[in-house]
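Colleague: Please take a close look at one part of this model, the packing of its helices, and then set that part in its surroundings.

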Protein chains: 2
Amino acid sequence: MNAAQIAVDDELAARVAWSRLIEPGDAVAGELVRTLGAGRALVWARAAASSDDVATLVTALVDAEPSLGEVRRRLGTAVGRWAGRFADLDPSRDLERMHRLGGGVLHPGSVGWPSGLADLGPIAPMCLWVRGRLEVSASLDRSIALVGARASTSYGEHVAVDLAAGLAEHSTCVVSGGAYGIDAAAHRGSLAAGGTTVALLAGGVDRAYPVGNAPLLERILEQGGSVLSEVPPGGVPSKGRFLMRNRLIAAVSRATVVVEAAWRSGALSTANHAIALLRPVGAVPGPVTSMASAGCHRLLRDGAAVCVTDAAEVLELAGRAGEDLPPERVTETRDGDDLDWASRRLLDALPGRAPMEHDELARTAGLSVGEVRGALGVLELAGLARRVGAGWARPVRGPTGRRP
Amino acid sequence: MNAAQIAVDDELAARVAWSRLIEPGDAVAGELVRTLGAGRALVWARAAASSDDVATLVTALVDAEPSLGEVRRRLGTAVGRWAGRFADLDPSRDLERMHRLGGGVLHPGSVGWPSGLADLGPIAPMCLWVRGRLEVSASLDRSIALVGARASTSYGEHVAVDLAAGLAEHSTCVVSGGAYGIDAAAHRGSLAAGGTTVALLAGGVDRAYPVGNAPLLERILEQGGSVLSEVPPGGVPSKGRFLMRNRLIAAVSRATVVVEAAWRSGALSTANHAIALLRPVGAVPGPVTSMASAGCHRLLRDGAAVCVTDAAEVLELAGRAGEDLPPERVTETRDGDDLDWASRRLLDALPGRAPMEHDELARTAGLSVGEVRGALGVLELAGLARRVGAGWARPVRGPTGRRP
């Protein structure tokens, strides 16, 4: 089946073809498909690509579809970019290939299509190529993206593993990019806690990139997760595709957390996409002496990210407070925490050994004698003061120095 | 000289007496002194303290000075708190003592009085007991408070030393509390860079607290700095005085930076005072695995502090951008940074070895053949593409893999 053989109403086949024609994030193709539908858009684009007079075709199109006026001036260039790739289209071959890989293709009409992608508007992907579990929306609609540097430190990897495991324990899918460093640690942490994790690749899902993470991607599939890409099978992960892939990580997740990122890092592009999509962004702080955390600190300084230090704070970031309240932080209580102001002040002045009488206590604490009398009653009841003759002192303590 | 011998118009002697009568932060004394002047306020308080009918005296006072109506109900209690301390007053003895210590006493009428203290209103200190340089306002009016946990880590101390040294190099006075841990590291860092540093103690300036920091305090004095307290000589550093001392650290400084602080830490009280005074607050991040940074991360999460990672960012925080612009961060530049979009995309697609012709490059890069021609011109000029027969490839690189 080539481009000419795709039925105009076969939305899936047409989107599969479009995904081969364009580079990720092609807003002109996005507007064309939104306006005409994928099949009609493909018919028009094929005619334009083989025409000697694209300008006339563009004018006729915009006359018929005025909403395309906005992209009018970019349509000619776009057609020129798609033109060279028409010869290579064969959607049915692609679909068979995905079937053999144990996967499939999702498009916006599919049940499993992640709802967050709609926020991308004309730069939403044409389709998603999927290995592993096809119905990814159930996992992704409550997922968190954990991203970060490939050049990570053991600190960053440790934190990524911990966060991912904590999220998995709260049935939260971890999304990352399948790269070395923080991405791999995030996937591993989720897997170790029995979680579902999704890797969004910049190249085709049939080629593990980087090759060293092939076993990791296999484990993701074995454990019920998915490997996704908007780039068709065989597609090379180029630099531009990496940057565009980052918008998908941000869009499918409820929040994006950067674990480690250098001052200039791809992970920051994911954070910026999340900000543009009005998704919450978190950044994990690290030592200021570590260049691997400089990008996280930059996000915090700019007020672009919230400081997150554990999985509970990440869940809170994602607005899941109702479902997953972060545990109340257990704070050490100290003697006097529950006392009134005067009693606390007197406790502070109470001698350890040589007892003091009322007037001396008043002078020392800066309290009136009446306040001292009242406070001594409170402290005695609480076991924090004892009478010694006519005076008062702190109670005798156990060998640890704390009240037994 | 006892309380009865202080001339009503001797503001300094009267304030020295008040400083012995009250505990730090006594707003009732503050209002009384503000309304009557320190000398008349002392005369009234002495009479009230020895009277059997304080209520009548309070009524007469508020009738004469209606602005004291606000503290009317607290005046009786306050008098009771001051009463026990009148016997011990001897301002001239105190002033001689400070003179012998090589210091003096500042009050709001003194030339060296730090301007920031005015923001404290009725809880401003009555006077400041000073060892070392007496005119502290010149240093303090452009100072930064660096505070943090006593239970610091070597990471936190390292950062505190670095920040303080960096501030000293920009002629910025470092204020801290003279305690172990971060405070000591901050003072040491300033001294090491030849800076002026000020220690604000919770007890009297004649007693080094903690004792182990006595040599450090001496070095501060030798190097032109000062040791300050609002508590008179001999005063014990009680818990309440520590918390009140923290308001002074915040008030005299242009900004407060917390280097390390546990989830519950006195350094957070300094930060909260700074916030209440509308002073900028910075927090230095650290490993999320370190409990010693939990308080800093708490400030960042709450949006109460700005993330700061070096001295330049601290100076920027203090609003000194005009004087001390932080150095432009040097970022690594990479091939293609200064190229237009199409040339970058083509550079990305350009093969390392087997050359490609125009149409293949267009298909690979997702560009039109016209765009490929233009971009090749740009890349060839920049030395980033070379002709090989009818095709194009990346230039041959030096042995490091980077362009020679």
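Modeller: Helix axes are lines fitted to C-alpha atoms over the stretch in contact, and angles run from 0 to 180 degrees between N-to-C directions. Helices (H or I, at least four residues) and strands (E, at least two) are DSSP runs, numbered from the N terminus. The model is predicted: local features need pLDDT of at least 70 and side-chain atom pairs count only at pLDDT 80 or more, while totals for chains, interfaces and linings use all residues. Residues are numbered from 1 along each chain as its sequence is written, and chains are lettered from A and ligands numbered from 1 in the order in which they are written.

The part to look at is α17(A) with two helices that pack on it. α16(A) and α17(A) have their axes 9 Å apart, at an angle of about 105 degrees. α16(A) is therefore roughly perpendicular to α17(A), a term that covers 65 to 115 degrees (under 35 counts as roughly parallel, over 145 as roughly antiparallel, the rest as oblique). From α16(A), the contact draws on H358(A), D359(A), L361(A), A362(A) and A365(A), and from α17(A) on V369(A), V372(A) and R373(A). Two residues are in contact if their C-beta atoms, placed from the backbone, lie within 7 Å. The α16(A)–α17(A) contact has five nonpolar, one polar and two charged residues. Ala, Val, Leu, Ile, Met, Phe, Trp, Tyr, Cys and Pro count as nonpolar, Asp, Glu, Lys and Arg as charged, and the others, Gly among them, as polar.

The second helix is α15(A), whose axis comes within 9 Å of that of α17(A), the two crossing at roughly 85 degrees. This pair is therefore also roughly perpendicular. α15(A) brings A342(A), S343(A), L346(A) and L347(A) to the contact, and α17(A) brings E371(A), V372(A), G374(A), A375(A), L376(A), V378(A) and L379(A). Eight of the residues in this contact are nonpolar, two polar and one charged. V372(A) appears in the contact with α15(A) and in the contact with α16(A).

The interface comes next. The contact between the chains takes 41 residues from chain A and 40 residues from chain B. On the side of chain A that touches chain B, two or more residues each come from α5 (72–83), α8 (154–169), α11 (239–252), α13 (294–301), β9 (306–307), α15 (341–349), α16 (358–365) and α17 (369–381) of chain A. α15(A), α16(A) and α17(A) are thus among the elements that face chain B, although the largest share, four residues, is that of α5(A). By class, this side of chain A has 16 nonpolar, twelve polar and 13 charged residues.

The two chains are related by symmetry. Chain A superposes on chain B by a rotation of 180 degrees with 0.0 Å of shift along its axis, at an RMSD of 0.1 Å; the fit is by least squares on the C-alpha atoms of residues with pLDDT of at least 70 in both. The copies are thus related as by a two-fold rotation axis. In chain A, G286(A) has the C-alpha nearest that axis, 2.3 Å from it. Both copies use the same surface, with 98% of the contact residues of chain A recurring in chain B.

As for domains, chain A is assigned domain 1 (3–92), domain 2 (115–317) and domain 3 (341–393), with bounds from an automatic or database domain assignment. Over C-alpha atoms, the centres of domain 2 and domain 3 of chain A are 59 Å apart.

Chain A also has an open sheet of nine strands in the order β1-β2-β6-β5-β4-β3-β7-β8-β9, with mixed pairing; strands pair if DSSP finds at least two bridges between them. β1 (103–106) and β9 of chain A are the edge strands, each with a single partner, so one side of each has no neighbour in the sheet. Four bridges pair β1(A) with β2 (128–132) of chain A in the antiparallel sense, and W129(A) in β2(A) is the bridge partner of V105(A).

Two loops of chain A hold backbone features. The peptide bond between Y209(A) and P210(A) is cis, with omega about -5 degrees, and P210(A) sits in the loop between β5 (197–200) and α10 (214–222) of chain A. L278(A), not a glycine, has a positive phi of about 60 degrees; L278(A) is in the loop between α12 (266–276) and β8 (281–283) of chain A.
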